[in-house]
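Me: Please take a close look at one part of this structure. Start from a single side chain and work outward, with the cut-offs spelled out as you go.

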Amino acid sequence: MITALRRSIQTEDRGEDEENLIRLAQAGNVAAFGRLYDRHVATIYRYTYSKTTSHTVAEDLTSETFLRAFRAIARRPRDTLNFAAWVITIARNVVIDHHRSGWSRLAVVTDELEPQIDESAGPEQTTLTAMTNATLRSALDQLPADHRECLILRFYVGLSISETAAVMQRTVGAIKQLQWRATNRLRRLVV
């Protein structure tokens, strides 16, 4: 499902003005919200997947994020809505709610039992990729929560510095400093 959505996002006409789409969605236009969904679903999915490492759970959390956003968009002030930062903040809360609920400790997710393998890569590349991912995840887990969150938002999810600042409720300068510290710390852990 997500792969097909990514392809459609990459090929869609990006000519529509996002601010106009936000205004229309706030006025109740479902199609405008659908366009916003198409533009941001891959980002939200990457974020929720980075927090759960389960494709199935990430898809569920992504759906819940956009459901909450759809229900709340009309109540947001029109002039101050940075949609990308706002929807990541909702996703962050959805992930926190998911982990607090205890469901993540009880669920057995089938895609974790049978990992998806890129059949176009050879066995050496598949092994190297798996080892690199495991090393990186282990190193990220050793970072303080704010360092880890900053790096995930910036490099895995792909948010800009200003969007990351909005999500983390910090200044742009603070995010630049946090990113610098986090990457240096991560480098020391990986080397």
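Reply: Start with threonine 62. Leaving aside residues up to four places away in sequence, threonine 62 touches Val41, Ile44, Tyr45 and Thr48. A contact here means heavy atoms within 4.5 Å. The model is predicted, so local features need pLDDT of at least 70, side-chain atom pairs count only at pLDDT 80 or more, and totals for chains, interfaces and linings use all residues. Residues are numbered from 1 along each chain as its sequence is written, and side-chain values use heavy atoms, with hydrogens and water left out.

Threonine 62 sits in helix α4. Helices (H or I, at least four residues) and strands (E, at least two) are DSSP runs, numbered from the N terminus. The relative accessibility of threonine 62 is 2%, so threonine 62 counts as buried. The cut-offs are under 20% relative accessible area for buried, over 50% for exposed, and partly exposed in between (1.4 Å probe, protein chains only).

Now the helix itself. Helix α4 covers residues 55–72. What span should its 18 residues have at 1.5 Å a residue? The expected span is 26 Å, and the end C-alpha atoms of α4 are 26 Å apart, which agrees. That expected value is 1.5 Å times one less than the number of residues.

Threonine 62 has buried company in α4: Val57, Ala58, Leu61, Thr65, Phe66, Ala69 and Ala72 are buried too. Seen down the axis of α4, the buried residues fall within an arc of 165 degrees, so they line one face of the helix. The arc is taken from the directions from the helix axis to the C-beta atoms. These buried residues pack against α3 and α5 (83–101). Turn α4 around, and the face away from its buried side carries the exposed residues Asp60 and Arg71.

Helix α4 also holds a salt bridge, where the side chains of glutamate 64 and arginine 68 meet at 2.9 Å, N to O. A salt bridge is a side-chain nitrogen of Lys or Arg within 4 Å of a carboxyl oxygen of Asp or Glu. Glutamate 64 and arginine 68 are four residues apart in α4, so about one helical turn separates them. Glutamate 64 is partly exposed at 28% relative accessibility. Arginine 68 is also partly exposed, at 29%.

Next, the other salt bridges. The structure holds seven of them. One joins glutamate 18 to arginine 39, with the closest N and O atoms 3.7 Å apart. Glutamate 18 lies in helix α2 (residues 18–26) and arginine 39 in helix α3 (residues 30–52), so the pair ties together parts that are 21 residues apart in sequence. Glutamate 18 is partly exposed, with a relative accessible area of 23%. Arginine 39 is buried, at 11%.

Another salt bridge stays inside α2. The side chains of arginine 23 and glutamate 19 meet there at 3.7 Å, N to O. These two are four residues apart in the helix, about one helical turn. Arginine 23 is partly exposed, with a relative accessible area of 39%. Elsewhere, Lys51, Arg92 and Glu149 are linked in a network of salt bridges.

Move on to histidine 147, in helix α9 (residues 145–157). Is histidine 147 buried or exposed? Histidine 147 is buried, with a relative accessible area of 10%. Its contacts, not counting residues up to four places away in sequence, are Leu178, Arg181, Ala182 and Arg185. Histidine 147 and tryptophan 180 are 33 residues apart in sequence, and their C-alpha atoms are 9.4 Å apart in space.

Then the surface. Leu136, Leu189 and Val190 form a nonpolar patch there, with about 220 Å² of accessible area together. Patches take residues with over 30% relative accessible area and no salt bridge; like charges are joined within 9 Å, nonpolar side chains (Val, Leu, Ile, Met, Phe, Trp, Tyr) within 5 Å. Leucine 136 belongs to helix α8 (residues 123–142) and is partly exposed at 37% relative accessibility.

Finally, step back to the chain. It has 11 helices and zero strands. Of its 191 residues, 37% count as buried. Among contacts with a separation of 6 or more, 64% join residues 24 or more positions apart. The accessible surface comes to about 11400 Å², and 53% of that belongs to carbon and sulfur atoms. Areas come from the Shrake-Rupley method with a 1.4 Å probe; for residues, only the protein chains shown count as cover.
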